[in-house]
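Please load the coordinates in your viewer, show them as a cartoon, and keep the selection panel within reach. The stops below take you from sheets to packed helices and then to single residues.

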Amino acid sequence: MFPEYDVIVVGAGHAGCEAAAAAANLGSKTLLVTMNMQTIAQMSCNPAMGGIAKGQIVREIDALGGYSGIVTDLSTIQFRMLNRSKGPAMWSPRAQNDRMLFHLKWREKLEETNNLDFYQDMVKCLLIKGRKCHGIITGLGHEIKAKSVVLTNGTFLNGIVHIGEKNFGGGRMAEKAATGITEQLVSLGFESDRLKTGTPPRVDGRSLDYSKMEEQPGDDEVIGFSFLDIEKPKKQRSCWITYTNQTVHDILKTGFDKSPMFSGRIDGVGPRYCPSIEDKINRFSERERHQLFVEPEGWNTVEVYINGFSTSLPEETQYEALRNIVGFENAKMFRPGYAIEYDYFPPTQLIYSLETKLINNLFFAGQINGTTGYEEAACQGLMAGINAHQRSKDLEPVILKRSDAYIGVLIDDLISKGTQEPYRMFTSRAEFRTLLRQDNADLRLTELSYRLGLASQERMDNVIEKRESVEKIKSILKEMSVEPNEINDWFEKINSSKISEKQKGQKILLRPDVELPALAEVLPKLKEALFPFSKEMIEQASIQIKYDVYIEKEKELVQRMSQLEELEIPETFDYKKIISLGNEAREKLIKIKPRTLGQASRISGINPSDVQILMVFMGR
């Protein structure tokens with residue numbers, strides 16, 4: 001009934017969809033197995049993509065030829081570029097999406113993908129022989145063989161849903177959990193643990209009084225995520241802001257004795273940076289209110305998502321508390337919030353390609369590795385799909401360094417440091433964030449992907465045009481002289497110091513209060529010279545000129561750090577023979593088996609003196 005596949009992807013969440021698309025687009029005969037074809041790329045929690053650091057990841061996925069950015073743009077109902085008041089390294093795109101349209105567009109993209117088959121069934125175990133994975137066995141008893149398998153099980157592995165004192169098996173509300181895989185992997189020597197995540201109640205938007213809330217419209221300009229020319233929405237839907245209050249907090253506290261989180265019925269650790277409302281009022285008891293974002297779920301639905309009100313308290317407590325929020329006095333609840341507890345496998349058990357150390361040809365991506373968020377899952381799926389293809393064709397793995405992409409930072413963090421709580425990406429995790437901006441993801445990554453055969457010719461042509469145009473704009477500013485009488489009146493208006501002799505346009509642009517589009521409006525000759533170039537090209541050139549000193553400093557730092565990254569540690573290196581290493585350092589090094597001295601230096605518990613000792617023993 002089934003042919004042998006190059007790659008089988010288990011699970012069709014954000015990680016699974018990107019993995020399947022990547023492997024198939026690279027030329028692998030791929031099978032995507034999911035328990036429910038109707039929930040492909042389901043937005044299980046917030047109907048939104050991007051945000052701080054997450055937006056950079058989606059841009060990187062798109063630059064590499066993944067689908068998340070395209071699908072996001074096709075289903076956007078509101079777009080905002082966050083942190084515009086800060087430097088470009090902090091700018092982060094975020095989109096509110098139509099939940100149903102997002103799922104439909106993802107499915108359309110997958111069904112248009114050559115080499116990709118689908119099958120609806122649960123995977124109960126893997127075909128393992130001689131420490132190699134060579135396929136799966138489904139719940140209906142089908143043995144399906146493959147050269148590589150990617151597990152992207154999300155929250156479904158032995159998932160348990162909690163609402164107050166009620167709990168039942170499930171990977172999401174109204175969807176059954178997946179069983180068998182954890183037990184098999186543990187029997188093979190894998191270490192597993194439990195994590196928790198949660199989601200807020202959904203309410204009927206018709207029952208809310210928006211006049212009592214603060215409106216949060218989208219940006220005037222919808223930039224979007226994809227570097228391809230995707231049509232942007234002509235209109236947008238607003239989100240709204242309201243707050244909890246002391247009465248709401250007091251009502252929520254009445255349900256604490258029935259809370260699965262406080263009663264100990266949940267063993268898993270929850271996300272530190274997206275805590276439940278009960279966790280927030282417990283940990284931050286001095287706060288009189290907490291901000292809530294009231295977010296529409298799509299173009300043609302009245303369902304509303306209450307961002308900031310994630311909870312697993314009893315339904316009646318949730319309902320009573322909701323109706324004491326300003327604007328929610330008559331709120332009708334569509335469904336309650338809930339927590340979900342699930343199995344994950346500490347990611348120190350992986351190598352950089354996301355292949356497991358214990359079993360060859362087996363890859364993990366997404367929440368199975370302890371991450372939280374669609375974006376973190378999707379980028380792992382993309383890289384796991386690429387590397388599952390590479391493995392099936394006996395090709396070298398594709399590995400992004402910390403200086404290449406946020407994706408590289410995320411994977412390095414996971415396999416070098418592991419995680420005991422759901423991992424979320426932040427700009428602060430990236431030491432080279434001035435280099436890893438959202439605006440230059442295509443310049444950083446598309447050429448690599450094009451050489452692999454994933455990014456299209458159109459994407460590569462766009463990058464070549466962008467590079468050439470940016471250099472031309474920089475050259476124009478470098479060569480253009482500006483006389484004092486051309487600019488001083490404008491400088492006076494913007495409270496900037498006047499010039500007494502002519503200056504190059506490039507030097508003028510270095511002023512913190514001068515932006516290139518505004519400068520072009522003042523200087524007709526500059527406006528004429530920039531006319532052939534798009535807004536994106538002009539902005540890119542401006543960023544490169546303004547932040548050149550910082551960019552060069554980071555490049556120098558990358559160069560210095562790369563010396564450690566290039567010092568590879570042999571797989572057979574025996575840490576036990578190094579008596580001068582401390583016990584903790586030795587145990588961590590034996591467990592993680594770092595690939596390079598650079599990776600070793602980032603392992604929690606390894607200090608600079610340990611790295612120096614390793615260098616001595618390696619003859620360095």
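## A four-stranded sheet

Begin with the open sheet formed by four strands, whose order is S11-S10-S19-S12 and whose pairing is antiparallel. Strand S11 (166–169) and strand S12 (193–199) stand at the edges, and because each has a single partner strand, one side of each is left without a neighbour in the sheet. If you look along the sheet, the twist from one strand to the next averages 25°. As everywhere on this tour, what you are viewing is a predicted model.

Now select strand S10 (residues 160–163) together with S11: the two run antiparallel and are joined by four bridges. Within this pair, Val161 stands opposite Phe168 in S11.

## A three-stranded sheet

Move next to the open sheet made by three strands in the order S3-S5-S4, where the pairing is again antiparallel. Here the edges are taken by strand S3 (48–50) and strand S4 (76–82), each with a single partner strand, so one side of each is left without a neighbour in the sheet. Neighbouring strands of this sheet are turned against each other by 15° on average, if direction is ignored.

Select S4 and strand S5 (residues 92–97), which pair over six bridges in the antiparallel sense. To find one position in register, display Met81, which stands opposite Pro93 in S5.

## Strand S17 and its partners

Select strand S17 (residues 303–307), which is mostly covered, since four of its five residues are buried. Strand S13 (residues 202–204) runs antiparallel to S17 and is joined to S17 by three bridges; in this pairing Arg202 stands opposite Tyr305.

Then add strand S16 (residues 291–296), which also runs antiparallel to S17, with four bridges joining the two. S16 and S17 form a hairpin, and six residues lie between them. As a landmark in this hairpin, display Val294 and Ile306, the latter being the bridge partner of Val294 in S17.

## Helix H1 and the helices beside it

Two packed helices are described by the angle between their axes and the distance between the axes. Select helix H1 (residues 14–25) and helix H10 (residues 374–392), whose axes come within 7 Å and cross at roughly 30°. As angles under 35 degrees count as roughly parallel, H1 is therefore roughly parallel to H10. The crossing of H1 and H10 is right-handed.

To see the contact itself, show the side chains of His14, Ala15, Glu18, Ala19, Ala22 and Ala23 on H1, and on H10 those of Tyr374, Ala377, Ala378, Gly381, Leu382, Gly385, Ile386 and His389. Coloured by type, the residues of this contact of H1 with H10 divide into nine nonpolar, four polar and one charged.

Keep H1 selected and replace H10 with helix H4 (residues 99–111): H1 and H4 pack at an angle of about 20°, and their axes are 10 Å apart. That angle makes H1 roughly parallel to H4, while the crossing in which H1 passes H4 is left-handed. Which residues make this contact? From H1 they are His14, Cys17, Glu18 and Ala21, and from H4 they are Phe102, Trp106 and Leu110. The residues of the contact of H1 with H4 divide into five nonpolar, one polar and one charged.

His14 and Glu18 of H1 deserve a second look, for both residues are listed in the contact with H10 and in the contact with H4.

## Two residues in loops

Select Ser353, which lies in the loop between strand S19 (338–344) and strand S20 (362–364). Is Ser353 buried or exposed? Its relative accessible area is 4%, so Ser353 is buried. Leaving aside residues up to four places away in sequence, Ser353 touches Phe363, Met383, Ala384, Asn387, Pro397 and Ile399.

Finish at Phe426, in the loop between helix H11 (406–417) and helix H12 (441–452). Phe426 has a relative accessible area of 19% and counts as buried, the cut-off being under 20%. With residues up to four places away in sequence not counted, Phe426 touches Ala53, Tyr273 and Tyr406. For a last distance, select the C-alpha atoms of Phe426 and Glu536, which are 110 residues apart along the chain and are separated by 25 Å.

Note on methods: Residues numbered from 1 in each chain as written. Predicted model: local features only at pLDDT ≥ 70, side-chain atom pairs only at ≥ 80, totals over all residues. Heavy atoms only, no water. Axes fitted to C-alpha atoms, helices over the stretch in contact; angles between N-to-C directions. Parallel < 35°, antiparallel > 145°, perpendicular 65-115°, else oblique. Left-handed = near helix turned anticlockwise from the far one by under 90°. Contact = heavy atoms within 4.5 Å. Nonpolar A, V, L, I, M, F, W, Y, C, P; charged D, E, K, R; others polar. Pairing = 2+ DSSP bridges. Buried < 20%, exposed > 50% of the residue type's maximum accessible area, 1.4 Å probe, protein only.
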